[in-house]
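User: I would like a close look at a single part of this protein, taken slowly and residue by residue. Please say what pairs with what, what is covered, and how the surrounding elements pack.

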Amino acid sequence: MVRTGLARPRPWQAVDSMDDTTHRRFNPLTGRWVLVSPGRVRRPWHGGREAAATPPVVAHDPDCHLCPGNKRAGGARNPDYRGTYVFTNDFPALRPAASDPAQLGAAQLGADQPGADQPGAELGGAELGGLLRSAPAHGTCRVVCFGPDHGRGLVDMSSFEVRAVVDTWAAQEAELSERWRWVQIFENRGTAMGASNPHPHGQIWTCDALPDEAAAEDTHQREHFAQSGSSLLLDYIRTETRAAERIVLDDSDWLVVVPFWAVWPFETLLLPRRPVQRLAELDHAQRDSLADVLGRLLAGYDALFDHPFPFSMGWHGAPGPHPAGAASRATRSRRRPEGVWQLHAHFYPPLLRSPTIRKHLVGYEMLAEPARDLTPEDAAGRLRAVMAETWDGEATLPGGLEPTSAAPLQIRPA
């Protein structure tokens, strides 16, 4: 890591210029609010601490179910793969209808129950009508091994290797979205985020229904487009580019910001600058630059506390099903019009003060609404500082754009 002498702010100290006014911020993508209480970041911490995870140092672990040539927990043996490797999860949360024995049993049970053909009686529901409802859920689940090396995650890979992962994501999305309503590509990094195996990998879950988070984003993007004729997230990119204060990374193809409405301390939102609805629509240049931006972002996260940063990340794109070949036609189009959906990735890292102190969504946040202590502007500044150190002071803001102080927040009753 190259050091340039920049002073690194201590993440648990509020910057002197930060507005200490408690306020709420609105997330236009989901229609939800988050409480921002900057002064609380100074409170002493005597609570629990996470065990700091140590990344694996071996290239091959004979006991790992994901390493090349090893036997998986379900009994199948992995091939001796040399690049990315995708297989159907041996313990899937979702299954296609024809291969789901539990669903077949529920279908028979539902058919045998009195009143099963009445409105409100869903497949397999033990209670019929009224407030109690259930519905079948079908899909498929896959595992994506990023590479054969047990000790090298995306942050350790070359841009060429990360590009191969991007291509795999796009190909899987193109295939699966021909059938399924929702394709969720994601990675849980680290035991703090529930990763069950340290081998670098992600997952893909598909579903025939639109999940709650996707449905909320779909609703609000459609409403914005109907009212303005422009994409909600492309309008947001224009807003953030003018303000500059929440930008973490930027190039001609991609923008990374700590969202104005972020819940997690160092949450980021990764967006393509031009109209793109799905990963499969990214052209070659956008995929190359995405591989570079991902490497920079993940290296910055790890540099923040000089330790591997846990997170859950995932891609959101336009819901399907999409006809075969639709992505190829969109990729060939030089000037794509703005649409309802804009591709984006969410990064949700839990760490707040150190590798062992994390944010917990508990109490008020479970019962009322999420809250944060560190302002998004402060978090973005800290990420920019460590990335400048990591990348030898290279600018992360658009060329010629100087950071400007935003106007004071106008705090009004909701």
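Analyst: In this predicted model, strand 9 and strand 11 (residues 344-348) run antiparallel and are joined by 3 bridges. Within that pairing, Leu 269 stands opposite His 346 of strand 11. Strand 9, which covers residues 268-272, also has strand 8 (residues 254-257) as a partner, and these two pair in the antiparallel sense over 4 bridges. Here Trp 254 has Pro 272 of strand 9 as its bridge partner.

How far strand 9 is covered can be followed residue by residue. In a regular strand the side chains alternate between the two faces of the sheet. In strand 9, Thr 268, Leu 270 and Pro 272 point one way, while Leu 269 and Leu 271 point the other way, and all of them are buried. Strand 9 is accordingly described as mostly covered, with 5 of its 5 residues buried. For the chain as a whole, 49% of the 414 residues count as buried.

From strand 11 the pairing continues to strand 10, since strand 10 and strand 11 run antiparallel and are joined by 5 bridges. Trp 315 is a useful residue to follow here, because its bridge partner in strand 11 is Ala 345, and Trp 315 is also the bridge partner, in strand 10, of Ile 185. That second pairing belongs to strand 5 (residues 182-189), which is joined to strand 10 by 5 bridges, again with the two strands running antiparallel.

Strand 10 (residues 311-316) is largely enclosed by the rest of the structure, because 6 of its 6 residues are buried. Both of its faces are covered, with Phe 311, Met 313 and Trp 315 buried on one side and Ser 312, Gly 314 and His 316 buried on the other.

The chain has 8 helices and 14 strands, and the packing of helix 5 can be set beside this strand description. Two packed helices are described by the angle between their axes and the distance between the axes. Helix 5 (residues 284-304) packs with helix 2 (residues 159-176) at an angle of about 120 degrees, the axes lying 8 Å apart, and the two helices are therefore oblique to each other. Helix 2 passes helix 5 in a right-handed crossing. On the side of helix 2 the contact is made by Ser 159, Val 162, Arg 163, Val 166, Asp 167, Trp 169 and Ala 170, and on the side of helix 5 by His 284, Arg 287, Asp 288, Leu 290, Ala 291, Asp 292 and Leu 294. By class, the residues of this contact divide into 7 nonpolar, 2 polar and 5 charged.

Helix 5 also packs with helix 8 (residues 376-390), at an angle of about 105 degrees and with the axes 9 Å apart, and these two helices are therefore roughly perpendicular to each other. Helix 5 contributes Arg 296, Leu 297, Ala 299, Gly 300, Tyr 301, Ala 303 and Leu 304 to the contact, while helix 8 contributes Arg 382, Leu 383, Val 386, Met 387 and Thr 390. The residues in the contact of helix 5 with helix 8 comprise 8 nonpolar, 2 polar and 2 charged.

Finally, for the chain as a whole, residues 24 or more positions apart account for 72% of the contacts with a separation of 6 or more.

Technical notes: Residues numbered from 1 in each chain as written. Predicted model: local features only at pLDDT ≥ 70, side-chain atom pairs only at ≥ 80, totals over all residues. Heavy atoms only, no water. Axes fitted to C-alpha atoms, helices over the stretch in contact; angles between N-to-C directions. Parallel < 35°, antiparallel > 145°, perpendicular 65-115°, else oblique. Left-handed = near helix turned anticlockwise from the far one by under 90°. Contact = heavy atoms within 4.5 Å. Nonpolar A, V, L, I, M, F, W, Y, C, P; charged D, E, K, R; others polar. Buried < 20%, exposed > 50% of the residue type's maximum accessible area, 1.4 Å probe, protein only. Pairing = 2+ DSSP bridges.
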